[in-house]
Amino acid sequence: MRKWIVGLLILSITACAPKGPDPVTAPDGTEISSPVDYNNYFIALQQQVITKMGTFSESLESFDTSSIRQEHKALIQTIDSTIEKAEQTPAYGDDDVLKPAFLDLFRFYQQLSTEEYGTIVNLIEGGESSISDDDLRVIDSLTKSIELQQTKVKASFNKAQNRFAEQYQLEVEKTKANQ
């Protein structure tokens, strides 16, 4: 069965510019004192979601309904918590690009987890032997839809992150995840 994890959308930003605006403090107490810290804070939130998506994806491979439902619930809770933290994180300086882009990304994960993943969970609930050819076609269609949506979200996210990097005269490092 295909892996159901959304690819990681991370651009690394390295400092090549002077210090930015005054520091801000995230809801969890993290001190954000530079544009790089700000970017990395959101990447750390994203990594928590990606890790949960990986665990959920592995549970799908097991066809263990109890495990799948538990991991699906944990994924949704992680995403909801991530969105709440991101919303409560003060903008760094006059950022009107990066935080909204991360929120859009997190909301994409939320929609993906509740809608597409929710449908997949329901289709495989009876175990591997209960999956019909029609179920497989639906799963394949959902997978293609996810890939298309992900391409659009990734392009929009990368554009926003590049704008943020330009705003603070930072260098964007290309990684395999963002190419």
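Visitor: In this predicted model, how are H1 and H3 oriented to each other, roughly parallel or roughly antiparallel?

Guide: The structure is a predicted model, and in it H1 and H3 pack with their axes 11 Å apart, at an angle of about 10 degrees. Angles under 35 degrees count as roughly parallel. The two helices, H1 and H3, are therefore roughly parallel.

Visitor: Which class, nonpolar, polar or charged, has 18 residues in the contact of H1 with H3?

Guide: On the H1 side the contact includes Phe42, Val49, Ile50 and Phe56, and on the H3 side it includes Phe102, Leu105, Tyr117 and Val121. Divided by class, the contact of H1 with H3 has 3 polar residues and 1 charged residue, while the class with 18 residues is nonpolar.

Visitor: How are H3 and H4 oriented to each other, roughly parallel or roughly antiparallel?

Guide: The axes of H3 and helix H4, which covers residues 133-167, come within 10 Å and cross at roughly 175 degrees. Angles over 145 degrees count as roughly antiparallel. H3 and H4 are therefore roughly antiparallel.

Visitor: How many nonpolar residues are in the contact of H3 with H4?

Guide: The axes of these helices, H3 and H4, come within 10 Å. Among the residues of their contact, 6 are polar and 2 are charged, and the nonpolar ones number 17.

Visitor: How far apart are the end C-alpha atoms of H3, and what span should its 26 residues have?

Guide: Helix H3 runs over residues 98-123, and the expected span takes 1.5 Å a residue, multiplied by one less than the number of residues. On that basis the 26 residues should span 38 Å, which agrees with the distance between the end C-alpha atoms of H3, 36 Å.

Visitor: At which residue does H3 bend by about 35 degrees?

Guide: One residue of H3 that takes part in the contact with H1 is also in contact with His72 of helix H2. The bend of about 35 degrees in H3 is at this residue, Tyr117.

Visitor: Is His72 buried or exposed?

Guide: His72 is placed in helix H2, residues 65-88, and, leaving aside its neighbours within four places in sequence, this residue is in contact with Phe56, Ser113, Tyr117, Gly118 and Val121. Buried means under 20% relative accessible area. At 10% relative accessibility, His72 therefore counts as buried.

Visitor: Is Lys73 buried or exposed?

Guide: Lys73 also has its place in helix H2, and its C-alpha atom is 9.2 Å from that of Ser113, although the two residues are 40 residues apart in sequence. A residue is exposed over 50% relative accessible area. With a relative accessibility of 54%, Lys73 therefore counts as exposed.

Visitor: Which residues are in contact with Ala101, leaving aside its neighbours within four places in sequence?

Guide: Ala101 lies in helix H3 and, at 8% relative accessibility, counts as buried. Its C-alpha atom is separated by 9.9 Å from that of Lys154, which is 53 residues apart along the chain. Leaving aside neighbours within four places in sequence, the residues in contact with Ala101 are Phe157 and Ala160.

Visitor: What value is phi of Phe63 near?

Guide: Most residues other than glycine have a negative phi. Phe63 lies in the loop between helix H1 and H2 and, at 14% relative accessibility, counts as buried. Its phi is positive, near 60 degrees.

Methods:
Residues numbered from 1 in each chain as written. Predicted model: local features only at pLDDT ≥ 70, side-chain atom pairs only at ≥ 80, totals over all residues. Heavy atoms only, no water. Helix = DSSP H or I, 4+ residues; strand = E, 2+ residues; numbered from the N terminus. Buried < 20%, exposed > 50% of the residue type's maximum accessible area, 1.4 Å probe, protein only. Contact = heavy atoms within 4.5 Å. Bend = angle between axes of the 7 residues up to and from the residue. Axes fitted to C-alpha atoms, helices over the stretch in contact; angles between N-to-C directions. Parallel < 35°, antiparallel > 145°, perpendicular 65-115°, else oblique. Nonpolar A, V, L, I, M, F, W, Y, C, P; charged D, E, K, R; others polar.
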